[in-house]
Structure formats: C-alpha cells, structure tokens
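Trainee: Could you walk me through the sheets in this one? I'd like to go pair by pair.

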Amino acid sequence: MKNEPIIARRDLIKATATIAAIVPVTTAATSVLGAERTQQTQPTQSTAAVQPAQATTLVEVRLGSGAKLTIERRGQVALFGLNRPAIENRVDPETFQALARALYDYDHDPSLRAAILFGHGERFSRGIDVEAYRAVANGEGPLAGLTHVINPLNYGPTQRKKPLIAAVHGDTWNLAHELFLSADIRVAAAETNFGQDENAHGRFPGGGSTVRFVREAGWGNAMRYMLSGDHWTAEEAYRMGTLQEMVKTPQGALDRAIEIATNIAANAPLGVAATLTSAHLAVDSGDAEAFSQLGAQYAALYRTKDFIEGLAAQSEGRPPVFHGN
C-alpha cells in the first residue's frame with residue numbers, strides 16, 4: 001500500500017441509510033478447568049482445552065486485489081482496511097468473516113503488537129449490508145461453525161488479547177459505530193458523522209452499543225442518540241468520551257493512529273496484554289448476559305411488520321409508519 005492511496009476520494013452512489021446492527025456470533029460458552037491428572041500418560045479433556053493456540057502469520061492483502069478487506073503489515077503494526085467504497089463500506093458476512101480471521105491471525109502472530117481498523121474511500125462505513133445479511137438473520141450469525149476467528153465486535157467465546165485502534169472518518173454509522181466502540185483506542189477526523197439510528201428504521205443496536213455506548217458515554221448521552229436516531233459529530237463524541245483524539249483530516253486520523261500503534265508496539269507486549277486482560281475483567285464481567293441476548297433480540301425484529309416497513313420506507317424514500325408489531 002505504500003505506493004497506493006490509503007483513503008481514495010471518489011464519487012459515490014447515493015444509497016439509503018443502513019441497518020445499525022449485526023446478528024452477533026453465538027454466545028460464549030463457559031469452560032471449567034478439569035481436576036488434576038491422576039495418570040501422567042492419560043491427559044484429561046480439560047487439560048487439552050487449555051493448551052496455547054498455535055502461532056500464525058498474518059498474510060497481507062493488497063488494495064489493488066479487489067478484496068473487501070485489505071491487510072497491510074508495517075513492522076509490528078497491522079492495518080485492516082474496509083474496502084467496499086462503492087457501497088459506503090457496508091459490511092456483509094464475507095467482510096465480517098475476513099475481518100474475524102484477520103483479527104485471529106493478528107492476535108496469534110508473535111511478530112505483531114498493535115493493529116488499526118480504518119476505511120478506504122470517503123467514509124469509514126455506513127454499517128451493515130442489509131440484504132446480504134438476510135440469509136444469516138435467523139441463524140447463529142456469520143461466524144457460526146468457523147474456527148480460528150475472533151468476533152470483530154470483541155465479545156463471545158474468544159476475544160482479542162492485543163490492542164486495536166479505530167481510525168474513522170466520514171459516515172460512521174450503526175455497526176460501524178459498534179466496531180468503533182469495540183476498539184481500545186479511537187481516533188477520528190473532524191468531519192466524522194456518527195450514527196446509531198436503528199430505532200428510526202424498525203431495528204435496534206444489536207452489535208453491542210446497548211452495552212458499550214451506555215457504559216462509556218453515560219446513560220443519558222447514549223439514550224439521547226440511540227432512542228432518537230439523531231446523528232452526532234466528532235466534537236460530540238469527544239465530549240461524551242467515546243473518542244480519544246480528533247484531527248483535521250481522514251489521512252491525519254490514520255497517520256495519528258499509526259503513531260499511537262507504533263508507540264504501543266515499542267512497549268513490553270506481556271505488559272500490554274496483562275493491562276488489557278485486567279481492564280476487560282474489571283469492566284466486562286457484568287456484561288456477559290446482555291451480550292448473550294443480542295442475537296436473539298435482533299433476529300426477532302427481522303420477523304416484525306415494523307422491520308419490513310422500515311426497509312420499504314428506506315427504499316421508497318419516505319418516512320416510515322410504525323405500528324409496534
């Protein structure tokens with residue numbers, strides 16, 4: 001990517017606003033450590049379950065390849081770029097799966113110490129690709145049955161042990177905002193437009209905002225935007241505390257994220273990992289039940305008349321008329 005533009009400006013086709021949520025992966029299963037082995041030659045099942053995962057090597061995917069997710073290595077830093085600019089970088093199951101695999105490989109690649117998520121084109125992402133997700137809406141989610149993946153929303157059976165920085169610009173709506181919230185550090189261009197407007201379209205924020213947005217911005221701030229469907233600015237995100245740094249331009253946001261990632265990469269990796277683990281233990285321990293219900297809650301809305309009305313209104317360019325059924 002050194003000789004290619006990381007964020008390419010282009011004219012984009014006007015499209016309808018997207019759904020703000022995603023069908024989550026299956027809920028986390030609890031594991032119990034087994035008792036001590038009584039026979040040295042016969043390891044128990046639980047002993048095998050706690051063996052460390054095999055090391056991986058994150059493979060680069062260049063911008064010109066046509067892939068929906070680009071992957072670049074810069075020393076000890078990995079860069080993941082959403083690459084569907086023609087449809088506002090909306091995330092379909094294939095993109096979500098590619099990011100899940102990339103995050104797993106990053107997390108298990110001993111040569112990498114920090115990663116960045118950004119978007120190619122005029123915006124970070126307008127969220128989920130609604131039509132593409134219809135096929136998995138009533139199932140267990142796009143990651144069901146897959147191995148060697150980490151949920152990009154960072155909850156479920158396996159979570160990241162290494163830091164992720166989000167560098168956003170332009171429209172950052174719904175699922176995109178939830179990916180933003182799942183990052184450990186967040187940088188945005190000054191013109192970033194945030195949204196979590198599912199309630200305005202017959203859905204609800206099913207990718208974690210009902211947990212993380214409330215926790216980080218405070219109840220009143222989060223409900224102000226989730227319940228109304230109103231959008232907000234980078235300045236407002238900074239005021240609420242969901243954004244750590246704001247810079248002038250999209251390229252500046254990415255450059256600043258790379259600087260922060262490089263600083264992290266220079267630190268002791270075991271210390272960084274222990275810091276993340278301890279902090280997640282402190283803030284996430286009470287969230288498991290809420291996260292575990294998101295998939296069923298979101299799938300149920302797919303079967304309502306209000307959901308169908310929301311889609312129809314978007315496609316017809318009119319205000320929706322909801323009846324609560």
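Trainee: Which residue stands opposite Val-187?

Mentor: Before we look, this is a predicted model, where local features need pLDDT of at least 70, side-chain atom pairs count only at pLDDT 80 or more, and totals for chains, interfaces and linings use all residues. Residues are numbered from 1 along each chain as its sequence is written, and side-chain values use heavy atoms, with hydrogens and water left out. Strand E6 covers residues 185-189 and is joined to E9 by 3 bridges, the two running parallel. Across from Val-187, in E9, you'll find Glu-245.

Trainee: What's the order of the open sheet of 6 strands?

Mentor: Strands here are DSSP runs of E, at least two residues long, while helices are H or I runs of at least four, all numbered from the N terminus. Two strands pair if DSSP finds at least two bridges between them. The edge strands, pairing on one side only, are E1 (69-74) and E9 (245-247). With mixed pairing, the order is E1-E2-E3-E4-E6-E9.

Trainee: And the open sheet of 3 strands, what's its order?

Mentor: Its pairing is mixed too. E5 (171-173) and E8 (232-233) each have a single partner strand, so one side of each is left without a neighbour in the sheet. That gives E5-E7-E8.

Trainee: Which residue stands opposite Phe-194?

Mentor: Look at strand E7, residues 193-195: 2 bridges join this strand to E8, and they run antiparallel. Strands of a sheet pair through backbone hydrogen bonds, either parallel or antiparallel. Facing Phe-194, in E8, is Trp-232.
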